[in-house]
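Grab a pencil and work through these exercises with the structure open beside you. Try each task yourself before you read its solution.

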Amino acid sequence: MTFAYPIALVLLLPALSLAVWAMRRHERARGVRLHGFGQPGLLARGSTLPSARFTALRQALTLAGLSFALVAAARPQFGERPASLAHTGRDVLVLLDLSRSMNAADGDLPRLALAKSAVLDAVARSPGDRLGLVVFGGSAFLQLPLTANHAAFRRFLDAASTDDLANPATDLSRALAAAATAFEHAGERGFQSVLLLSDGESVEGDVGPPLKRLRLAGVPVIAIGLGTGEGASIPADSSEAPERWHRDHIGRIVQSRLEEGDLRRAANETDGVYLRWSQSVGSELSAELEKLEKRTMSSRTSPERADQFQWPLGLAVAILAMEPLLGAVSHRRRK
């Protein structure tokens, strides 16, 4: 036999000691009052006061009931019973921008590092979700299909780099189309969502058609905008470049700014939400994901210890219910 809450057993002896002390104090006070009223022996013959024997029996029953109640509170367990363990979650497809502009640092860290940190913070709070990864720039492809293996997702996310794509531009339409196609082949409608992380500087493609596909499939887009309106300089493509910053065709240092238009549109047209990156965006993102419906991802049957607290609890109730009945019996006999 084991106990789920053994601390209740530790309290058993102090509780009984306190109860005995309270009973004795009550009896002493009662005796003092009786002596003040008259001789207890004479009073006992002509009154309905319970005898010392019945008083002791009632006190013993009270202590026994208290003991069984504390044993029940400790939740005794013995034997086993089958239990079904179900894991619930959602299908979340992460669309990660790997265009050249994601190397820009509006603060201490590049946008890409901030995007990865926000994703990891959010998914750590939802261990039951299935996760997938689409990386995109001027092109897009499914890097990791939906999986419940969060460790594998973290490895793929950590390895994602702007060097992975030959086209350093940004085309949000291709990323959204890749998500729509992926969800057409995996997942269950009503439990799917897209997490889009980008600075929004999309100069190619039309996001309208893929957004329509996602909207008709009931897939909300949660878009995270990275960057600032003031912008930041884009580093050169390689540390071996002759200078630190990337320049345009006429020699000017390229400034990258947050463009929220398509990101807000993606959220609005799919009943999703748009969030601008901040230090608390991970918790905000987690809160938005929690609003989405979950489904049973997997279930299995596993044995668990069977609770048997109902037996001592039943005895405690029966004994404590019996105690006032003894008082009534004693009263009738005294008559």
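Let's warm up with the whole chain: of the contacts in the protein with a separation of 6 or more, 82% are between residues 24 or more positions apart. Keep in mind that you're looking at a predicted model. The protein has 11 helices and 11 strands, and 39% of its 335 residues are buried.

**Exercise 1. Two sides of a helix**

Task: Work out which residues of helix α6 are buried and which are exposed, and how the two sets sit around the helix.

Solution:

Step 1. Find α6, which spans residues 150-159. Its buried residues are H150, A152, F153 and L157.

Step 2. Look at how these four are spread around the axis. They span an arc of only 155°, so they sit on the same side of α6.

Step 3. Here's the background you need: an α-helix has 3.6 residues a turn, so residues three or four places apart point the same way.

Step 4. Now turn to the other side of α6, where R155, D158 and A159 are exposed.

Step 5. Ask what covers the buried residues. The cover includes helix α5 (111-124) and the strands β3 (91-97), β4 (130-136) and β5 (140-147).

Step 6. Finish at the start of the helix. There, N149 has a side-chain oxygen within 3.1 Å of the backbone nitrogen of A151.

**Exercise 2. A histidine and its surroundings**

Task: Decide whether H150 is buried or exposed, then find what its side chain reaches.

Solution:

Step 1. H150 belongs to helix α6. Its relative accessibility is 10%, and since buried means under 20%, H150 counts as buried.

Step 2. Follow the side chain of H150: it gets to the backbone oxygen of D129, at 2.7 Å.

Step 3. List the contacts, skipping neighbours within four places in sequence. For H150 they are V123, S126, P127, D129 and L131.

Step 4. Pick V123 from that list and look from its end. V123 lies in helix α5 and is buried too, with a relative accessible area of 7%.

Step 5. Skip the neighbours within four places again, and V123 is in contact with L131 and H150.

Step 6. Try a distance as well. V123 and R154 are 31 residues apart in sequence, and their C-alpha atoms are 9.7 Å apart in space.

**Exercise 3. A buried arginine**

Task: Find out which partners the side chain of R90 has.

Solution:

Step 1. Locate R90 in the loop between β2 (76-89) and β3.

Step 2. Check its accessibility. The value is 1%, so R90 counts as buried.

Step 3. Look at side chain to side chain: R90 and D129 are joined by a polar contact of 2.8 Å.

Step 4. Now look for a backbone partner. The R90 side chain also reaches the backbone oxygen of L289, at 2.7 Å.

**Exercise 4. Two helix crossings**

Task: Describe how α5 crosses α10 and how α8 crosses α9.

Solution:

Step 1. Start with α5 and helix α10 (residues 281-290). Their axes come within 8 Å and cross at roughly 45°. That angle makes α5 oblique to α10.

Step 2. Note the handedness: α5 passes α10 in a right-handed crossing. On the α5 side, A118, D121 and A122 make the contact, and on the α10 side V281, G282, S283, L285, S286 and L289 do.

Step 3. Move on to helix α8 (residues 208-216) and α9. Here the axes come within 9 Å and cross at roughly 25°. The cut-off for roughly parallel is under 35 degrees, so α8 and α9 are roughly parallel to each other.

Step 4. The crossing of α8 past α9 is right-handed. G208, L211 and R215 of α8 meet R265, A266 and E269 of α9.

Step 5. Zoom in on R215, which is partly exposed at 39% relative accessible area. Beyond its neighbours within four places in sequence, R215 is in contact with E269 and T270.

**Exercise 5. An unusual backbone angle**

Task: Say where D271 lies and what is notable about its phi.

Solution:

Step 1. D271 is in the loop between α9 (261-269) and β10 (273-276). At 71% relative accessibility, it counts as exposed.

Step 2. Recall the rule: most residues other than glycine have a negative phi.

Step 3. Compare D271, which isn't a glycine yet has a positive phi of about 60°.

Terms used: Residues are numbered from 1 along each chain as its sequence is written. This is a predicted model: local features need pLDDT of at least 70, side-chain atom pairs count only at pLDDT 80 or more; totals for chains, interfaces and linings use all residues. Side-chain values use heavy atoms; hydrogens and water are left out. Buried means under 20% relative accessible area, exposed over 50%, partly exposed in between (1.4 Å probe, protein chains only). Helices (H or I, at least four residues) and strands (E, at least two) are DSSP runs, numbered from the N terminus. The arc is that of the directions from the helix axis to the C-beta atoms. Contact means heavy atoms within 4.5 Å. A polar contact is a pair of N or O atoms within 3.5 Å; within protein, one must be able to donate a hydrogen and the other to accept it, and residues adjacent in sequence count only if both atoms are side-chain atoms. Axes are lines fitted to C-alpha atoms, for helices over the stretch in contact, and angles run from 0 to 180 degrees between N-to-C directions. Angles under 35 degrees count as roughly parallel, over 145 as roughly antiparallel, 65 to 115 as roughly perpendicular and the rest as oblique. A crossing is left-handed if the near helix is turned anticlockwise from the far one by less than a right angle, and right-handed if clockwise.
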